[in-house]
Amino acid sequence: MTKQQVLDLYFLDARHKLVEVAAFLDRVERAGGRDDFRVKSFRTALAQLDGNKKDKVKTVLLAFSDPTMEPIAKATSKGAVGAYPEAR
Amino acid sequence: MVSRTTDDYERLALAGCAAVCEPAFWAGFDRSSVDGFHDYFCQLTEHEPKRAAKFGLKHFCWLCINSKEAEDVKLAAEVIALIPKFLNRPNVLGIGEIGLNKNSRNELRVLEMQVELAARHNQMILVHTPHLEDKLKGTRLILDVLKSDQRIRPERVIIDHVEEHTVEMVLDCGMWAGMTLYPETKCTPARAIDILETYGRERIWMNSACDWGVSDPLAVPKTALEMKKRGHVAAAIEQVVFSNPKSFLIQSGKFKI
């Protein structure tokens with residue numbers, strides 16, 4: 001596809017999702033209490049979208065990922081929360 | 001599809017689906033005993049094929065104890081001991097979906113036990129990779145287990161739920177990569193097609209999540225439509241939604257459509 005075709009097919013959808021992200025961040029900032037590791041990871045991931053860096057989606061996914069290789073001692077829950085608590 | 005209504009079988013048939021391949025997975029709650037799994041395996045191998053047949057659909061399945069119930073190693077061992085007597089049933093394709101969920105030591109131990117089961121019985125393997133922040137680590141750990149067993153032939157293994165940060169390492173191992181289309185996590189149709197355009201169409205296919213959560217059995221045909229919108233030719237679409245799955249599954253010796 002040409003850039004024009006990609007934009008024709010996906011621009012409005014991407015714009016909609018970007019506005020939702022902006023609204024989410026405004027909502028978090030308006031709310032009381034402290035940010036947690038999820039917001040920190042979210043902001044790290046957002047920074048990956050700036051400029052002409054390649055593989056943006058891969059870099060964003062890595063920003064949320066547990067980079068370690070040691071199995072945890074015990075699974076105490078079944079679900080994932082979307083971000084690695086000890087991300088730096 | 002034990003978590004879905006009969007309407008979904010009808011919708012799949014109307015959309016041109018030829019067969020359903022259902023992995024053994026978590027029921028949304030933990031089963032309290034090995035008997036619960038026995039009944040589940042009977043459901044997958046006796047009842048669901050009949051439900052699907054009412055709409056002209058062939059039904060195949062994979063058997064295992066899933067990673068979300070693998071923290072209890074004793075129960076897992078009992079369930080694994082149950083599986084061999086089901087393996088000669090005509091719709092059983094292999095062992096799956098085994099894998100990891102939270103990447104714990106017990107989950108890893110149970111994964112190793114099920115890889116051993118597959119190797120001992122010359123079964124194909126379907127692998128579930130963890131969700132979200134756990135996927136990268138889990139995929140690496142799973143690949144290490146599979147690569148360390150010389151009896152496992154990579155072309156008879158599919159690693160499911162790949163995303164952009166894991167697909168390359170799976171394909172590099174010579175295994176098949178599955179993209180699960182899911183409305184909230186995993187891959188959207190648009191991203192799945194991006195992955196195909198980036199990594200090619202060899203040893204890769206996609207599947208619709210049809211579980212107890214928010215999921216869409218028609219995700220594959222919707223992705224085929226999205227591919228058409230992007231200008232992919234009919235042969236390319238047919239390869240990823242039909243020929244590739246068929247080429248992989250036919251290795252089981254039981255998959256016939």
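Let's start at one residue: Asp55(A) is partly exposed, having 13 other C-beta atoms within 10 Å. On that scale, a residue is buried if 20 or more other C-beta atoms lie within 10 Å of its own, exposed if 12 or fewer, and partly exposed in between, with C-beta atoms placed from the backbone. Asp55(A) is not a glycine, yet it has a positive phi of about 50°. You'll find Asp55(A) in the loop between helix H2 (37–47) and helix H3 (56–63) of chain A; helices (H or I, at least four residues) and strands (E, at least two) are DSSP runs, numbered from the N terminus.

A word on what you're looking at: this is a predicted model, where local features need pLDDT of at least 70, side-chain atom pairs count only at pLDDT 80 or more, and totals for chains, interfaces and linings use all residues. Residues are numbered from 1 along each chain as its sequence is written, while chains are lettered from A and ligands numbered from 1 in the order in which they are written.

Over in chain B, Asn122(B) also isn't a glycine and has a positive phi of about 50°. Asn122(B) sits in the loop between H4 and strand E4 (124–128) of chain B, and with 12 C-beta neighbours inside 10 Å, it counts as exposed. Another spot to look at is the cis peptide bond between Gly96(B) and Glu97(B), with omega about -5°.

Now for the inside. The largest nonpolar core (buried Ala, Val, Leu, Ile, Met, Phe, Trp, Tyr and Cys residues joined through C-beta atoms within 7 Å) has 75 residues, and Leu63(B), Ile159(B) and Leu181(B) have the most contacts inside it. Helix H4 (residues 105–120) of chain B provides the largest share of this core, six residues. A second, separate core has six residues, including Val60(A) and Phe64(A).

H4(B) has a partner, too. Its axis and that of helix H5 (residues 135–147) of chain B come within 10 Å and cross at roughly 35°; axes are lines fitted to C-alpha atoms, for helices over the stretch in contact, and angles run from 0 to 180 degrees between N-to-C directions. Among the residues that meet are Leu108(B) and Leu111(B) from H4(B), and Leu141(B) and Ile142(B) from H5(B). Contact here means C-beta atoms, placed from the backbone, within 7 Å.

Finally, where do the chains touch? Their contact takes 27 residues from chain B and 24 residues from chain A. H5(B) gives the most to chain B's side, with five residues.

Methods: Two residues are in contact if their C-beta atoms, placed from the backbone, lie within 7 Å.
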